[in-house]
Amino acid sequence: MPGTTPITQDFIDELKVLACFDSANLHQGIKLHKESPAGLHAAALRLHQRGLIEEQDGGYLTAFGRTQVEHLQHLLTALRLE
């Protein structure tokens with residue numbers, strides 16, 4: 001579709017990393033283990049480079065990252081079938 005951003009595996013991996021953060025407790029961090037898929041490690045690095053998370057392997061959300069996770073949680077809630 002013209003004008004839309006393609007949904008790539010990299011994009012999905014970034015969403016997966018962000019979805020690991022608890023939106024009810026945004027001051028709780030995450031840590032990707034060495035056994036985690038390489039795609040998730042690469043996604044965390046990209047999120048770190050964009051200023052959403054504090055560490056390359058997770059850590060805590062930045063203020064910008066907290067806002068984005070709140071938006072993601074709203075979207076996931078809206079799309080969830082129950």
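**Exercise 1. Where is the place of Arg80 relative to helix 3, and is Arg80 buried, partly exposed or exposed?**

*Solution.* The model is predicted: local features need pLDDT of at least 70, side-chain atom pairs count only at pLDDT 80 or more, and totals for chains, interfaces and linings use all residues. Residues are numbered from 1 along each chain as its sequence is written, and side-chain values use heavy atoms, with hydrogens and water left out.

Step 1. Arg80 belongs to the segment after helix 3. Helices are DSSP runs of H or I with at least four residues, strands are runs of E with at least two, and both are numbered from the N terminus.

Step 2. The relative accessible area of Arg80 is 45%. Buried means under 20%, exposed over 50%, and partly exposed in between, with a 1.4 Å probe and protein chains only. Arg80 is therefore partly exposed.

Step 3. Between the C-alpha atoms of Arg80 and Ala24 the distance is 18 Å, at a sequence separation of 56 residues.

**Exercise 2. Describe the fold of the protein and state why it is as compact as a globular protein of its length.**

*Solution.* Step 1. Three helices and three strands make up the secondary structure.

Step 2. Their order along the sequence is α-β-α-β-β-α.

Step 3. The radius of gyration, 13 Å, is close to the 12 Å that the globule rule gives for 82 residues, so the protein is as compact as a globular protein of that length. The radius is taken over C-alpha atoms, and the rule is 2.2 Å times the number of residues to the power 0.38.

Step 4. The C-alpha trace spans about 35 × 25 × 25 Å along its principal axes.

**Exercise 3. Identify the elements that contribute to the largest nonpolar core and place Leu61 within the structure.**

*Solution.* Step 1. The core has 15 residues; Leu18, Leu47 and Leu61 are among those that touch the most other members. A nonpolar core is a set of buried Ala, Val, Leu, Ile, Met, Phe, Trp, Tyr and Cys residues joined through side-chain atoms within 4.5 Å.

Step 2. Helix 1 (9–19), helix 2 (38–49) and helix 3 (63–79) each give two or more residues to this core. Helix 2 supplies the largest share, four residues.

Step 3. Leu61 lies in strand 3 (residues 58–61) and counts as buried, at 1% relative accessibility.

Step 4. Beyond four places in sequence, the residues that Leu61 touches include Leu18, Phe21, Arg66 and Val69. Contact means heavy atoms within 4.5 Å.
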